[in-house]
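I open this notebook to keep a plain record of what I looked up, entry by entry.

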Amino acid sequence: MSENGKIAALIVAAGGGSRMGGGIPKQFRDLGGRPMLAWSHAAFAAHPAIGPVLTMVAADQLETVRNLLPSAWCEAGGASRRESVANGLRQLALAGVEKVLIHDAARPCLSHDVIDRVLAGLEAADGAMPVLPVADTLARESLRPDGVHLGETVPRNGVVRVQTPQGFHLQSVIAAHAAWPADAEATDDAQMVRRLGGRVALVQGDAMLEKITYPDDLAGADMRLAWETRTAMGFDVHRLEDGEELWLGGVLIPHHQGLSGHSDADVALHALTDALLGTIAAGDIGTHFPPSDPQWKGAESGQFLQHAAKLIADKGGRIDFVDLTIICEAPKIGPHRAAMVERIAGLLNIERSRVSLKATTTERLGFTGRGEGIAAQAIATVRLPGGMPA
Ligand code: MG
């Protein structure tokens with residue numbers, strides 16, 4: 001097994017989330033267009049030091065999660081958080097894992113910096129966990145017959161707020177779980193390791209990691225995703241020739257000539273694909289679908305567009321808007337505009353109102369004016385979660 005396979009992440013997503021209301025457990029609620037669980041899963045999966053990422057879910061949610069995250073490793077948890085973690089640790093031991101980061105799915109905004117700090121803390125300790133100082137004054141409640149009143153102030157010196165992921169050497173945390181009294185409730189895994197005399201290092205936590213407990217917390221988490229807007233352009237030209245079909249904007253248009261090229265030569269979809277790839281700096285259409293590769297001969301260009309959209313979705317991105325200009329003397333684009341918009345919106349899985357399609361001529365000037373070819377320009381605007389690892 002590679003060095004990578006020896007450090008695993010264990011995400012606990014088996015809770016019912018009753019404080020959120022709304023029926024769906026909170027870890028599956030929508031956050032920025034993805035189920036909440038998907039964010040921390042993606043952060044672990046994209047981290048170079050982390051190998052397996054195992055998610056523990058309630059047995060009756062297993063199908064749901066396998067549909068939401070088809071490539072994820074999910075197993076059924078137990079009746080309590082502690083049982084779910086213990087089940088997961090057993091699976092990871094069988095997989096040959098040596099270290100594990102245990103994380104709550106209700107903390108979606110997990111950065112690679114936090115993962116790095118926990119792994120560094122684990123180098124010289126049995127466990128490591130992110131903590132934050134307590135900034136607010138702490139006080140006890142005093143229950144009196146006429147209501148709840150202010151009681152004693154609690155000194156906050158030396159008090160920290162505990163977050164996840166908590167990192168452990170796998171065997172230490174398995175031993176701690178095995179030794180824990182069956183009837184006692186454990187607040188977290190670090191306390192269990194500490195009870196056996198293990199040293200748990202404290203590393204700097206992250207305000208981004210705030211736990212989502214109440215419905216209002218979701219709006220705050222959406223802001224913490226720090227959406228960043230990206231705009232990029234694409235341009236393409238294909239030659240008009242006799243004996244070719246004319247595909248434009250994913251629609252077959254009756255015309256006495258068609259565009260020639262290695263694929264179906266849909267110049268509009270090519271320009272748009274390049275614009276989308278540009279928003280994530282992922283090269284151009286030729287990088288992903290080399291014309292030298294025979295498998296793309298005659299290929300439908302819709303698949304190129306869908307590939308670019310998938311790369312954006314894989315980064316947690318959203319396509320906000322695309323705008324296309326087709327440049328030619330003939331055919332007339334207007335009669336086909338609605339069909340092209342419909343097709344492009346369908347391929348990108350966005351609303352039709354997010355697709356703009358325009359056409360112009362070059363006043364009979366240049367190669368487009370002479371009818372030798374068709375050109376297309378595109379601009380795409382997407383939003384990416386700037387505060388999050390891909
Ligand atoms: Mg092209």
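**Surface, metal site and cores**

I began with Val160, which I found in strand 10 (residues 160-162); strands are DSSP runs (E, at least two residues) and helices likewise (H or I, at least four), numbered from the N terminus. The model is predicted, so local features need pLDDT of at least 70 and side-chain atom pairs count only at pLDDT 80 or more, while totals for chains, interfaces and linings use all residues. Residues are numbered from 1 along each chain as its sequence is written, and side-chain values use heavy atoms, with hydrogens and water left out.

I then looked up the exposure of Val160, which is partly exposed with a relative accessible area of 36%; buried means under 20%, exposed over 50% and partly exposed in between (1.4 Å probe, protein chains only).

Next I turned to the magnesium ion, whose protein donors (N, O and S atoms within 2.8 Å of the metal, or 3.2 Å for Na, K and Ca; water is not among the atoms, so sites may look incomplete) are Asp236 (OD), His238 (NE2) and His270 (ND1), at 2.1 to 2.2 Å. Asp236 in strand 13 (residues 227-242) and His270 in helix 8 (residues 267-279) are 34 residues apart, a pair linking distant parts of the chain, and both are buried.

Last, I looked up the largest nonpolar core (buried Ala, Val, Leu, Ile, Met, Phe, Trp, Tyr and Cys residues joined through side-chain atoms within 4.5 Å): among its 41 residues, those touching the most other members include Leu248, Ile326 and Ile374. Helix 8 gives the most to this core, with eight residues. A second, separate core of 28 residues includes Val57, Val65, Val118 and Ala128.
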